Amino acid sequence: MKIAGMAASLALAAATGLIGAAPLQAQGEVEASSEAPAELKLWRLSCGDMPESPLYFYSDTMDYAGKTKDLPVSCYLIKHGDTYMMWDTGFGTEYIENPADGLIQITMERSLLDQLGDLGLTADEISILGISHNHGDHVGQAADFPGAKLLIGAADLEQMRTGEGLTLTQSDELAPWLDPASDAEGVTGDKDVFGDGSVVMLAMPGHTRGHHALLVRLPETGPVLLSGDQYHFTEQMETGGVPPFNWNRAETLASHERFVALAKNVGATIIIQHEPGDVGKLPAFPEAAE
Ligand SMILES: [Zn+2]
């Protein structure tokens with residue numbers, strides 16, 4: 001009786017998306033169905049670079065002293081059936097003409113729209129815009145896709161709309177979705193984007209309040225776990241490093257734990273979005289992983 005009750009609560013939680021296990025279980029059901037799964041492809045696009053970034057900036061334990069690293073800014077395009085989704089939009093295109101050369105250097109070669117043009121795509125064809133979190137190097141070109149439905153952590157969306165507790169970003173980066181009546185979904189917990197377990201936003205709060213990573217289950221390549229900013233570079237995984245500008249240290253460490261365990265359990269290839277060594281884990285644009 002007690003177990004049946006618990007099973008019923010779990011089923012209810014799964015149905016309402018309250019627990020993360022639901023999308024992963026759903027994948028098994030899809031595989032068992034006679035319907036062919038939707039085509040799934042993943043491209044890596046460049047949306048800026050931070051050459052010679054000082055790494056101490058990313059450690060609240062004074063780690064990485066004196067070290068620098070070229071940190072790329074990565075964005076991703078996903079094709080699910082006939083639907084295109086962007087994951088993160090990098091820095092704003094102003095850095096193409098005006099690179100920043102302060103403590104953090106920022107350069108950019110091409111805009112996302114320019115690169116999408118290589119695939120014969122325009123902004124209108126991107127119908128879903130998934131954003132890992134509201135920092136300026138992830139929302140910079142979001143407004144170039146005003147017709148897309150925005151998916152972002154509810155707390156990060158709320159911050160953009162109210163300006164409360166906003167750091168390393170500006171509300172107007174998400175101008176098309178600041179009106180509560182706009183086509184934006186503040187995601188709480190996990191979000192199975194297409195309802196078939198193939199692309200799942202995973203709640204990993206800590207870097208920001210509403211931060212998410214993204215699991216993409218490619219049919220040939222296998223599962224790929226895109227980090228958002230759960231980690232900024234490989235050394236952070238080795239030392240459990242936490243940047244001092246993160247919203248919450250304890251939440252970050254709890255999300256580190258979820259990220260690593262989940263990647264292991266599903267056998268995912270981990271891609272840290274700012275890690276130069278991880279760029280080559282996906283084919284060079286315009287080629288896609290399938
Ligand atoms: Zn960030």
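Select Ile-152 and Gly-186 to begin the tour of this predicted model: Ile-152 stands opposite Gly-186, and the latter belongs to strand β8. Widening the selection to both strands shows β7 and β8 running parallel, joined by four bridges. Follow the backbone onward from β7 and the chain passes through α6 before it arrives at β8, a β-α-β crossover that is right-handed.

Next, select residues 154–162, which form helix α6, and display the side chains of Ala-155, Asp-156, Leu-157, Gln-159 and Met-160, since these residues of the helix are buried. To see what lies over them, add residues 149–153, which are β7, and residues 184–187, which are β8, as both strands are included in the cover of the buried residues of α6. Just after the helix comes Gly-163, where a positive phi, near 80 degrees, can be checked in the viewer.

Two further positive phi values occur at residues other than glycine. Select Glu-52 for one of them, with a phi of about 50 degrees; Glu-52 sits within strand β1, which spans residues 40–54. Is Glu-52 buried or exposed? Glu-52 counts as exposed because there are 10 other C-beta atoms within 10 Å, and the cut-off for that class is 12 or fewer. Then move to Met-62, whose phi is positive at about 55 degrees although Met-62 is not a glycine, and which lies in the loop that connects β1 to β2, the latter being residues 68–80. Met-62 is likewise classed as exposed because it has 8 C-beta neighbours inside 10 Å.

Toward the end of the chain, select Phe-285 and Pro-286, between which the peptide bond is cis, with an omega near 15 degrees. Pro-286 belongs to the segment that follows β13, the strand formed by residues 269–271.

Now show the whole chain, coloured by secondary structure, and there are eight helices and 13 strands to trace. Of the 290 residues in the protein chain, 41% are buried. Taking the contacts between residues at least 6 apart in sequence, 67% join residues at least 24 apart.

Finally, recolour by confidence: the chain has an average pLDDT of 91, and 88% of its residues score at least 70. Select residues 1–23, where the pLDDT is below 50 and where the model has 16 contacts beyond near neighbours in sequence. Residues 25–32 also have a pLDDT below 50, with eight such contacts in the model. Predicted coordinates should not be read in detail where pLDDT is low.

Technical notes: Residues are numbered from 1 along each chain as its sequence is written. pLDDT is the predictor's confidence in each residue, from 0 to 100. Two residues are in contact if their C-beta atoms, placed from the backbone, lie within 7 Å. A residue is buried if 20 or more other C-beta atoms lie within 10 Å of its own, exposed if 12 or fewer, and partly exposed in between; C-beta atoms are placed from the backbone. Helices (H or I, at least four residues) and strands (E, at least two) are DSSP runs, numbered from the N terminus. Two strands pair if DSSP finds at least two bridges between them. A crossover is right-handed if, with the strands pointing away from the viewer, the path from the first strand over the helix to the second runs clockwise.
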